[in-house]
Amino acid sequence: MALGKFTFSGVRARVLLLVALAVAPWLAITIYHAIEERGVAIDAAQENTLRLARLVSFEQRETITHSSALLQALSTLPEIKNGAPTVCQQRLSGMFEGDQHYTNIGVLDARGTLLCDALATQGSHWFGDRDWFQQALKTRQLFISSLMIGRITGKTVLVIAQPIFNENGTVMRVAWTSINIEWFQHALKQLNLPEGTTVSVMDVNGIIMAQHPDVEKYIGKLNPLAPLVQGILAQKKEGLGRAKGADGITRLFAYHRLLENPKMGSIYVSVTTPTDILFAKSGRVFARDLGILGLTIALIFILTWFGTDILVLRKMKALIQSAKRIAQGDFSARTQLAQGTDELSELASVFDNMAQSLELLFQQSQHIMEVTPEAIIVSNSSGKIVMANAQTERLFGYNRDEMIGQAIEILVPERLRAGHTVHRGAYMATAAPGVRAMGERRELFARRKDGTEFPTEISLGSLKTENGYFVISAVRDVSERKQFETQILHQATHDSLTSLPNRILFHDILAHAMAHALRTEKLLAVLFLDLDGFKNINDNLGHEYGDMLLKEIAQRLTATLRKDDLVARDDDLIARQGGDEFTILLQGISVVDNIIQIAEKILAAVSRPFIVDSHEMHVTASIGITIFPFDDTDIQSLLRNADTAMYHAKENGKNNFQFYTAAMNAVVHDRMEIENGLRHALAKGELVLHYQPQVDIASGKMIAVEALVRWAHPEKGLIPPDKFIPVAEESGLIVPIGEWVLRTACRQNKAWQNMGLPHIRMAVNLSARQFRQPHLLTVVAKAMEDAGLDPNSDSLELEVTESVVMKDLEGTISTLNKLHAMGVRLSIDDFGTGYSSLSYLKRFPINTLKIDQSFVRDITTDADDAAIASTIVTLGHSLKLRIIAEGVETAQQLALLREMKCDEMQGYYFSKPLEAAELEKLLREERRLSG
Ligand SMILES: Nc1nc2c(ncn2[C@@H]2O[C@@H]3COP(=O)(O)O[C@H]4[C@@H](O)[C@H](n5cnc6c(=O)[nH]c(N)nc65)O[C@@H]4COP(=O)(O)O[C@H]3[C@H]2O)c(=O)[nH]1
């Protein structure tokens with residue numbers, strides 16, 4: 001909660017609530033008092049009003065009493081009681097002259113006929129229908145009428161009737177007098193009434209006889225309160241009430257019955273006063289009291305509001321601000337509140353002391369961090385660096401500003417960053433709230449700002465708080481230790497003279513290699529090498545020279561097995577067994593020829609002279625070879641076998657290698673014979689070319705020949721190419737041989753052309769090594785040019801096997817494009833045996849696909865082979881290529897291929913490969929395909 005902002009749960013609100021609770025009784029008492037006051041005022045007003053009603057009633061009753069007394073006195077007079085009408089008339093005539101109060105006085109007989117009156121009214125007048133007459137007869141006592149118009153005077157009057165009895169008590173006559181109602185009015189006018197008060201006198205029907213003030217307005221009209229009052233008066237003599245008038249004003253009214261005996265008729269007085277006026281004073285007092293109270297309370301609230309701020313909130317604000325700054329790491333924050341004895345001042349003082357202790361503690365820990373020999377790095381939950389010490393700067397080469405806010409992975413080599421992020425996530429996922437002590441040690445390569453890497457040991461700890469999760473890493477550079485360990489390990493596993501792996505490491509690696517070879521179904525070869533003539537050098541030139549020679553030999557062996565060698569591999573290993581003995585491990589061997597090649601290279605390398613300190617030294621090597629798993633399956637036996645084989649090599653005249661088994665040695669023998677013979681075959685002119693026709697299936701015409709090399713060995717006769725081409729390929733002899741074939745074939749074709757024979761294409765095979773030789777394009781161009789072949793005459797086609805073109809695809813495309821540009825047709829040999837990438841096939845500028853003869857051989861009997869052949873035809877045609885099938889031997893095979901729409905054929909069915917002269921005959925005959 002931010003202080004200063006008002007909230008209902010804040011300190012200020014609570015204080016205000018307390019104040020409100022404190023003033024509430026005061027407010028309640030004031031209101032209660034005001035209500036009381038008002039009650040008293042009402043009671044007093046009611047009392048006054050009723051008193052006024054009584055007073056008016058009393059005054060008005062005088063009129064009636066006076067008139068009744070007059071009438072009763074008259075009734076006792078004999079002239080009135082039973083005198084003749086004339087006598088009666090004499091008595092009454094002029095009786096009220098000059099008296100405003102009465103309009104008349106008269107006597108009626110028992111039937112209501114007028115006998116005499118004061119006005120001496122002439123003629124017969126009957127009042128038997130008048131209520132006052134009938135009531136007087138009926139009640140036999142004085143009766144006062146309601147307001148009415150006098151029949152004789154025509155004035156508004158109130159009549160009082162008095163029955164007159166004879167001795168028997170029978171009503172003989174009725175005396176009456178009519179009172180001028182102005183009499184009542186007159187009496188009212190004398191009253192001095194309070195403001196708003198109205199006094200009315202009403203007859204039995206509630207008709208207003210007199211009123212003060214505003215008499216004219218209401219006289220003769222029905223008082224709206226009359227029914228209410230009459231109802232109450234039927235039971236009581238007087239009363240009080242409150243009612244709202246038609247004008248919307250609420251009035252207090254008091255009423256009083258004028259006559260004691262209701263049977264004598266009913267007149268009553270009513271006094272009304274508007275309640276507003278009555279309660280105005282008490283209301284004013286109440287409003288004043290409430291106003292004063294409100295102002296006082298408001299003042300108290302204002303004082304409380306600001307008082308809370310000054311006395312409490314400012315101190316609390318200072319405390320909170322300081323606490324926040326400390327939470328943000330600013331330990332210099334203090335409340336700066338004056339000393340005091342109150343609780344808040346005491347709290348502030350305790351707080352400041354605590355802050356001071358924290359600051360000291362922080363400074364101490366900062367100092368410890370700065371002087372610690374380890375790089376301390378603190379990172380947050382998103383892996384961003386939030387703190388680093390001086391040692392971090394020294395160790396990583398960044399200054400702190402560069403590191404803060406960066407991902408911690410900037411300190412990790414790029415290749416390890418992704419893994420580091422994963423491990424960081426895993427470490428954080430296991431975090432529990434609180435402190436995880438430093439301790440989890442890890443080893444990791446770190447990266448300096450300049451990109452260099454170094455090994456580190458990292459101790460990890462973490463802190464999980466409400467403010468977040470932090471990982472603390474203490475990083476130590478362990479380069480020296482690692483170097484030392486590596487050195488020790490190297491010393492233990494390497495020969496100190498040559499730095500080659502020693503016997504121990506060789507055994508170790510051999511054990512792993514054997515397991516690996518079994519899994520991958522490859523061969524291993526262990527070569528045991530012993531120098532021939534080393535002892536002489538040691539004896540004659542001394543150990544120093546011997547040592548130097550051994551170092552040189554180690555280097556040459558290493559260079560021989562260098563990484564880019566065609567046969568040698570990365571994981572091949574040379575070790576020094578001791579003295580002049582070396583062991584070599586060759587891995588991933590699939591053909592024995594590879595071992596032979598390497599052994600030959602080693603022999604050649606060792607036998608080259610060494611010049612050490614201007615001394616020329618000659619040594620050779622004897623090598624024994626054993627093959628795992630053929631010869632044996634355990635390390636000791638393998639090494640013993642190789643050693644034994646090495647002795648055979650020594651016995652065999654040194655400077656040679658021997659396999660442990662006789663069968664292997666026979667293979668080596670044959671191969672070496674071929675290789676040696678082949679070296680001279682070219683010079684001796686022992687190589688010849690045979691040509692095999694290629695025929696267009698649709699026309700049956702011979703359209704090309706394939707040049708196939710043969711070795712006419714002086715002793716062994718004609719040797720087929722698959723016996724010597726692989727040896728030539730491995731030894732590199734294929735390059736000069738291939739060039740000879742190309743040149744010979746081009747010349748032969750030109751010779752046939754010169755003879756005027758039908759034009760045919762000459763197809764020549766290119767081996768892998770030939771295809772990759774740097775001067776291939778020059779060699780081809782030169783061969784065509786020297787032979788005089790027209791590049792645009794479709795005279796030369798080069799056949800490259802599928803496996804060759806599918807290696808180094810981009811290089812292949814480039815070479816093929818260049819050959820194509822030279823006007824050479826291109827064909828893919830043995831198609832279907834490799835794994836062609838069809839997308840690349842599209843990009844090769846080739847003309848022909850040659851279905852391998854392994855599919856053609858069983859095409860009529862094996863549905864799979866037929867399907868493959870048919871697919872190749874369809875695929876080739878979709879790529880606009882011509883398809884040739886090789887190895888076609890039967891009419892059935894040809895028929896099927898024709899059905900498949902294969903374009904060309906080559907095979908014994910048409911012709912075997914022939915010498916040039918024989919082929920010339922075919923051309924001359926223009927031999928065609930039958931069927
Ligand atoms: N069973 C049977 N075989 C048939 C039939 N028709 C042809 N052949 C044989 O099939 C081979 C076709 O040659 P290739 O696939 O290029 O296979 C060639 C080629 O890869 C390689 N070769 C031959 N001459 C040369 C050359 O001058 N240079 C290179 N680099 N390799 C060559 O030696 C391989 C074998 O050549 P050759 O022994 O001459 O064997 C030839 C040929 O005599 C038949 O109907 N039935």
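Here is a short tour of this model, stop by stop, with what to select at each one.

Before you start, this is a predicted model, where local features need pLDDT of at least 70, side-chain atom pairs count only at pLDDT 80 or more, and totals for chains, interfaces and linings use all residues. Residues are numbered from 1 along each chain as its sequence is written, and side-chain values use heavy atoms, with hydrogens and water left out.

**Helix H1 and Leu71**

Select Leu71, which sits in helix H1 (residues 11-75); helices are DSSP runs of H or I with at least four residues, strands are runs of E with at least two, and both are numbered from the N terminus. Leu71 is buried at 0% relative accessibility, where buried means under 20% relative accessible area, exposed over 50% and partly exposed in between (1.4 Å probe, protein chains only). Now add Trp176: its C-alpha is 6.9 Å from that of Leu71, although the two are 105 residues apart in sequence. Leaving aside neighbours within four places in sequence, the contacts of Leu71 (heavy atoms within 4.5 Å) include Ile105, Ile160 and Trp176.

**Rings**

Stay on Trp176 and bring up Phe127 and Trp132, since ring pairs link these three into a cluster. Rings of Phe, Tyr and Trp (its six-membered ring) pair if their centres lie within 6.5 Å; planes under 30 degrees apart count as stacked, over 60 as edge-to-face and the rest as tilted. The structure holds nine aromatic pairs. One of them is Phe253 with Tyr255, a tilted pair at 6.0 Å centre to centre and 35° between the planes. Phe253 is buried at 2% relative accessibility, and Tyr255 is buried at 1%. Jump next to Phe657 and Phe659: their ring centres are 6.2 Å apart with the planes at 80°, so this pair is edge-to-face.

**A surface patch and a charge over a ring**

Show Ile302, Trp305, Phe306, Ile310 and Leu311, which form a nonpolar surface patch with about 510 Å² of accessible area together. Such a patch takes residues with over 30% relative accessible area and no salt bridge, joining nonpolar side chains (Val, Leu, Ile, Met, Phe, Trp, Tyr) within 5 Å and like charges within 9 Å. The areas come from the Shrake-Rupley method with a 1.4 Å probe, and for residues only the protein chains shown count as cover. Ile310 belongs to helix H8 (residues 275-327) and is partly exposed at 49%. Then add Arg12, which lies over the face of Trp305 at 4.2 Å from the ring centre; the rule asks for NZ of Lys or CZ of Arg within 6 Å of the ring centre and within 35 degrees of the ring normal.

**Salt bridges**

What should you look for here? A salt bridge is a side-chain nitrogen of Lys or Arg within 4 Å of a carboxyl oxygen of Asp or Glu, and the count comes to 40. Pick Asp530 and Lys650, which meet at 2.7 Å, N to O. Asp530 lies in strand E16 (residues 523-532) and Lys650 in helix H18 (residues 635-651), so the pair ties together parts 120 residues apart in sequence. Both Asp530 and Lys650 are buried.

For a contrast in setting, select Asp786 and Arg743, whose closest N and O atoms are 2.6 Å apart. Asp786 is in helix H23 (residues 776-787) and Arg743 in helix H21 (residues 734-754), 43 residues apart. Asp786 is partly exposed at 40%, and Arg743 is partly exposed at 24%. Finish on the network joined by salt bridges that share partners, with Glu374, Arg441 and Glu443 among its members.
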